[in-house]
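Visitor: Please take one part of this model and look at it closely, as a connected account. Begin with how far the prediction can be relied on, and give the cut-offs as you go.

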Amino acid sequence: MATVNPRWYKPRTLGGRIFLIMMIGGVIIATLASMASLYIIDRSERISRAYTLGFTIRELVLIAENPELRGNARNVGAQDGLHVEILPAQEVESLLLYSRPAQHIAMPVRLGDAGWPTAVKVHFRHGRLSAEQRDVIEQAKSPSLFFAQLSREIARLGLKAQIELTLPSGRRMMLSHAQLWSDYATPSVVFIMFVVGVIAVLAVFAALADLLAGPFKTLASAIRKNGDEVEGDPVEERGPVEARSMAEAYNALRFRIARMLEDRTRMLAAISHDLRTPSTRLRLRAEFIDNDELRETVLRDLDEMDELLSDALDFLGDWIHKEEERTVEFTSVLEAICDDYADLGRPVTFEGPKPLTFNLVNTVFGSKNEEAHSFGDKRSIRLTCRAGTLRRAFTNLINNALKYGHRAYVSLDATADEVIVMIHDEGPGIPEDEQDKVFLPFYRVEGSRARSTGGSGLGLSIVRTVIDAHEGQISLNNLPRRGLQVIVRLPRKVQMQAPSGA
């Protein structure tokens with residue numbers, strides 16, 4: 001027996017789901033618009049019927065004044081939905097039924113003009129006719145128009161009401177209408193309800209759209225998170241067909257990249273082993289060369305080959321991400337690098353972060369002091385990072401400054417959001433059109449930074465890789481007079497470490 005898919009109503013494709021949401025939204029909005037239109041039509045019809053009802057009221061007044069036709073008043077009113085009650089002249093007005101006093105419409109007594117009552121009262125449970133409505137009613141020149149406008153304005157107001165008429169004979173007549181003179185929603189209330197309904201529908205659609213985009217957001221987050229890594233759990237394949245296909249393709253791509261990196265690591269290990277062994281044999285044989293100049297040349301070439309091989313292995317290997325992040329005192333790390341160069345007699349100077357300063361403010365205990373105060377101790381900057389890889393990157397930058405600029409000036413500063421390291425030298429600098437290219441592997445600038453000065457062309461490439469792994473930025477600027485300035489910005493992240501006993 002064939003089974004029924006419990007989610008047959010849920011399209012598999014993204015386009016189908018968007019079409020379903022749009023269709024449901026269109027139906028709901030069209031329904032709300034139709035209800036609003038029906039309300040407008042019904043209200044207009046009620047007001048129109050209430051206007052024609054005024055002519056019936058005039059006929060009822062005439063009938064009630066005729067003793068022979070007085071018994072037909074209820075039948076005539078019932079034909080138009082009016083409830084008519086004839087009250088005796090001596091009966092006291094029963095107004096205690098209402099919570100608010102009756103509202104009176106003053107009308108002059110016009111003797112000799114048939115159809116005019118001597119008094120008119122409109123009873124509301126709540127609310128009242130506005131001054132503008134009363135002006136419109138009182139401007140009527142005939143009883144028919146008077147009652148028509150009175151009935152129309154009551155219907156337009158949308159409140160339950162009764163009309164009490166005092167006839168010239170002294171009798172009173174109470175009129176009510178269950179449909180036209182009853183509580184009815186005003187246009188402002190209907191408009192507010194319509195707006196609230198539309199807003200609610202849009203909010204539901206926004207939630208559905210966010211739910212629909214959820215798999216794509218998850219995939220984008222996984223790509224950003226694992227942009228530099230291929231390890232970890234695969235992305236969950238869920239959502240519409242397009243999202244599942246993208247997640248499946250991304251997981252397959254990560255698997256292929258992981259396998260490729262694994263093969264590359266094995267190949268690099270083999271190259272390292274196969275090349276270093278003959279290099280060591282050549283170094284031993286070079287020691288037996290009698291010609292000192294030739295021996296030094298061969299050893300220098302071997303050192304250069306070993307340096308090039310080490311840089312290439314470091315650049316191609318995954319050594320950066322193998323180091324775990326930890327929180328260090330970054331000022332001490334950078335200062336230690338500069339001190340090592342200074343101990344070797346290399347012209348490297350270090351300037352630590354400026355101490356924090358503060359001003360005394362005016363308080364009830366003393367007057368304001370304009371003099372700035374500062375903390376005398378060395379300012380500590382803590383940073384969560386891979387300290388070993390950063391040490392390698394800044395060592396490369398200082399080596400470049402010494403090699404091409406003869407001196408290296410290192411300064412450190414920090415804000416609430418980032419740590420800023422600046423290194424500048426006294427060299428010729430780098431042309432602006434070459435500054436982006438020097439970070440490419442094996443790229444060398446012509447002139448003083450050519451291959452003849454040494455170097456493998458991978459130093460700045462390794463630096464860029466390390467800075468990118470820390471989500472930082474590196475930029476190069478030529479100084480106005482002479483020299484190159486390197487600015488490294490690292491996001492200031494501090495990871496809270498758990499207590500040792502936890």
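**A close look at one helix pair and its surroundings**

Guide: Over residues 1-6, pLDDT (the predictor's confidence in each residue, from 0 to 100) stays under 50, and the model gives this stretch zero contacts (heavy atoms within 4.5 Å) beyond four places in sequence. Residues 498-502 are likewise under 50 in pLDDT, with zero contacts beyond four places in sequence. The model is predicted, so local features need pLDDT of at least 70 and side-chain atom pairs count only at pLDDT 80 or more, while totals for chains, interfaces and linings use all residues. Residues are numbered from 1 along each chain as its sequence is written, and side-chain values use heavy atoms, with hydrogens and water left out.

For the chain, the mean pLDDT is 75, and 76% of residues reach 70 or more. Its secondary structure comprises eleven helices and 14 strands, taken as DSSP runs numbered from the N terminus (helices are H or I, at least four residues; strands are E, at least two). Of the 502 residues, 35% are buried, where buried means under 20% relative accessible area, exposed over 50% and partly exposed in between, with a 1.4 Å probe and protein chains only. Among contacts with a separation of 6 or more, 68% link residues 24 or more positions apart.

The part chosen here is the pair α9 and α10. Two packed helices are described by the angle between their axes and the distance between the axes. Helix α9 spans residues 330-343 and helix α10 residues 387-405; their axes come within 11 Å and cross at roughly 40 degrees. Such axes are lines fitted to C-alpha atoms, for helices over the stretch in contact, with angles from 0 to 180 degrees between N-to-C directions. The two helices are therefore oblique to each other, since under 35 degrees counts as roughly parallel, over 145 as roughly antiparallel, 65 to 115 as roughly perpendicular and the rest as oblique. The crossing of α9 and α10 is right-handed, meaning that the near helix is turned clockwise from the far one by less than a right angle (anticlockwise would be left-handed). On the α9 side, F330, V333, L334, I337, C338 and Y341 meet L390, R391, F394, T395, I398, N399 and L402 of α10.

E329 belongs to strand β6, residues 326-329. With a relative accessibility of 19%, E329 counts as buried. Leaving out residues up to four places away in sequence, E329 touches R379, S380 and I381. A polar atom of the E329 side chain lies 2.9 Å from the backbone nitrogen of I381.

G405 lies in α10 and counts as buried at 0% relative accessibility. Beyond four places in sequence, G405 touches N400, D425, E426 and G427. The C-alpha atoms of G405 and E426 are 4.5 Å apart, although 21 residues separate the two along the chain.

Another pair can be set beside this one. The axes of α1 (residues 14-65) and α4 come within 7 Å and cross at roughly 145 degrees, and this crossing is right-handed. S151, found in α4 (residues 143-157), is buried with a relative accessible area of 0%. Beyond four places in sequence, S151 touches A50, Y51, L53, G54 and W181.

Technical notes:
Polar contact = N/O pair within 3.5 Å; in protein donor to acceptor, adjacent residues only side chain to side chain.
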